[in-house]
Amino acid sequence: MKAGTALSALSAVGIAAPRAARATQSSNFDSNTVRTLAHQLSQQAYQPPSQSLPAPLRNLNFDQYNSMAYRPEQALWHGENLGFEVEFFPRGYLYAPRIDMNEVIDGQSRPIAFSPDMFTYNDPALRVNDDIGFAGLRLRAPINTPGVMEEFCVFLGASYFRAVAKGQTYGLSARGFANGTGDPTGEEFALFRAFWLEKPKAGVDSVVLHALLDSPSLTGAFRFTIRPGETTVFDVQSSLYPRKAIAESGIAPLTGMFYFDANDRARVDDWRPAAHDSEGLSMWTGSGQQLWRPLRNPRDLQFSAFTDVRPHGFGLMQRKRAFTDFEDVALNYEKRPSLWIEPIGDWGAGAVDLVEIPTPNEVNDNIVSFWRPQEPLAAGREYVFTYRMYWGWDTPWPTKLARIAATRVGDATDDSHTRFFDLDFVGTPFEKLPDNPHFHLQCRASAGEIRNVVVEPVTPIHGWRSTFEFAPGDAKVAELNCVLADDNGPVSEEWVYRWTP
C-alpha cells in the first residue's frame with residue numbers, strides 16, 4: 001500500500017485528521033491496508049480513541065443503554081438479498097470509546113455515518129443529534145430459518161467478540177489479544193478501534209471483516225472471514241506489532257465462566273446441577289496427545305501452563321448438552337457454544353495457558369485460556385498468527401479415543417481429608433467390546449496418594465466408570481493424571497486435574 005493511502009487510513013481512525021473532515025472521504029483499500037496502518041501506528045505514541053459523550057449519554061445504567069434499540073430496517077445491506085446485514089451499537093454505559101466503522105466496496109473504503117434515526121428510544125432524552133459514532137457491531141444472517149435474519153456474532157467492548165452456531169445461545173467470548181492476564185499488577189486490554197466491512201457478493205456464504213487493534217503495548221491487524229452455520233467458522237489472519245517488549249502475550253484468547261459443577265461446588269448453595277459456559281479445556285498437542293482438563297472455580301487464583309510445540313488445537317468446551325444437566329430454563333447453558341482454536345502453520349514452541357479466577361456468582365467471566373509463545377514479543381517486529389475458530393457443539397475433528405463425560409468429586413466416607421473421584425468415559429472404544437474386556441486406569445499424582453481404584457461398565461451411559469480416592473497428605477497442591485487403558489494401551493484421552501484444598 002502506498003504511503004499516501006496509509007496516511008488516509010490513519011486519518012480515518014482519528015489519528016491524523018479532524019473528525020469533521022472524515023465524514024465524506026473515501027480511500028483505497030486492499031488486503032494490506034490495515035496491516036500497513038497497524039505497522040505505521042505502532043511507531044507512534046498510543047492515542048486512545050475519544051470517550052467524550054454528550055451529557056444525556058454519560059453514566060447510563062444497563063437498562064437505559066439497552067433501551068436504545070437499533071432499527072432493523074436501518075441495517076447495513078438491509079433488503080439487498082446479500083445474506084448478511086450489520087447493525088451497530090450505540091455508545092454509553094460500559095462502551096464509551098468511539099469505534100470507527102467503514103464499508104468497503106470494490107476496493108474503496110468509506111466511513112459509515114452515525115444518525116440518531118438508526119435507533120429507537122424509550123426515553124426521548126437519550127436521543128442526541130451529535131455525531132457520536134458507534135461502540136461496536138453485530139452481524140445478522142439466516143442462521144436458523146431461511147429468510148429470517150438473526151444475530152449470530154457481536155464485536156463489542158475492548159477486543160472482545162462472540163458468536164453462535166445454529167440453534168445456540170451466546171456463552172463464552174474471544175479476544176484479539178491478551179496481555180498480562182491474571183497479573184497482580186493489572187491486565188492491559190487492547191481495543192479494536194476501527195472496523196472495515198467488505199460488502200459481500202450475492203450468493204456468498206461468508207462475510208469479511210477487518211479490524212485494527214490498538215493498545216499502549218502493541219497494534220495489530222486482523223482479517224476475519226466468517227461463515228455462520230451448523231458450526232460457525234472464523235478464519236483469522238492476524239499481524240501484531242509490539243510498541244514495547246511483551247513478556248506475557250496471549251494469542252487467540254478465550255474467555256468464559258465456570259461457577260460450579262459436580263467436580264467443584266464448594267461454597268455453592270444452588271438448586272441446579274451446574275452453571276457454566278464451559279466445563280473443560282481440551283487440547284490436542286503437537287505430539288498427538290489429547291488432553292482434558294476440567295475447569296474449577298478455585299478459592300485462590302490458579303495458573304496452569306501446558307507446554308507444547310506446534311499444537312494441533314485447543315479450546316474451551318461445553319460437553320454437557322442435555323437440559324437436565326443444568327435445569328435452567330432461562331440461561332440455557334446446554335445450548336452455549338464450545339470454541340476450538342486450530343492453528344494454521346507452525347506456531348513453534350509455547351504453552352496453552354489456563355487462568356482460573358475465583359468468582360462468587362455466575363455473572364463474572366473467570367476463565368481465560370490462550371496460546372503463549374515461548375519467547376516474549378519484541379518491540380519493533382511483526383508477528384503473524386493465522387488460525388481457524390470453530391464455534392459449535394463439539395471439536396471439529398472426530399476421535400477414536402474415549403472421552404471424559406463427567407468428573408465428580410466429593411468427600412470420601414471414611415476420611416474428610418480424602419477426596420473421592422468419579423470419572424465417566426464414553427465413546428468409540430465401547431461400541432464393539434470383546435466378551436471380557438480388560439480396562440484399567442493408569443494414574444499418577446505429583447503429591448499425595450491415589451488408592452482404591454475401581455473400573456466398571458455403566459450401561460445407562462453406554463460407557464465405563466472409574467472411581468478412586470486421593471489422599472493429599474500435607475500437600476497444598478497436586479497435579480493428577482489419569483487415562484483409561486486396555487491390554488494394548490491407552491483407549492481414552494488423558495484426564496488432567498489440579499487439586500487444591
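**Exercise 1.** In this predicted model, determine whether D117 is buried or exposed, or in between, and examine its salt bridge with R127.

*Solution.* Step 1: D117 has a relative accessible area of 41%. Buried would require under 20% and exposed over 50%, so D117 is partly exposed.
Step 2: R127 has a relative accessibility of 36% and is likewise classed as partly exposed.
Step 3: The closest N and O atoms of R127 and D117 are 2.6 Å apart, and the two residues form a salt bridge.
Step 4: R127 belongs to the loop between β6 and β7, whereas D117 belongs to the loop between β5 and β6; the pair, 10 residues apart, links distant parts of the chain.

**Exercise 2.** Establish which strands are tied together by the salt bridge of D353 and R372.

*Solution.* Step 1: The side chains of D353 and R372 meet in a salt bridge, at 2.6 Å from N to O.
Step 2: D353 is located in strand β24 (residues 349-356) and R372 in strand β25 (residues 367-373), so the pair ties together parts that are 19 residues apart in sequence.
Step 3: D353 is buried, its relative accessible area being 10%, while R372 is partly exposed at 25%.

**Exercise 3.** Explain why the buried residues of helix α2 line one face of the helix.

*Solution.* Step 1: Helix α2 covers residues 33-42, and its buried residues include T33, V34, L37, A38, L41 and S42.
Step 2: Viewed down the axis of α2, the buried residues fall within an arc of 160°, and therefore they line one face of the helix.

Terms used. Residues are numbered from 1 along each chain as its sequence is written. This is a predicted model: local features need pLDDT of at least 70, side-chain atom pairs count only at pLDDT 80 or more; totals for chains, interfaces and linings use all residues. Side-chain values use heavy atoms; hydrogens and water are left out. Buried means under 20% relative accessible area, exposed over 50%, partly exposed in between (1.4 Å probe, protein chains only). Helices (H or I, at least four residues) and strands (E, at least two) are DSSP runs, numbered from the N terminus. The arc is that of the directions from the helix axis to the C-beta atoms. A salt bridge is a side-chain nitrogen of Lys or Arg within 4 Å of a carboxyl oxygen of Asp or Glu.
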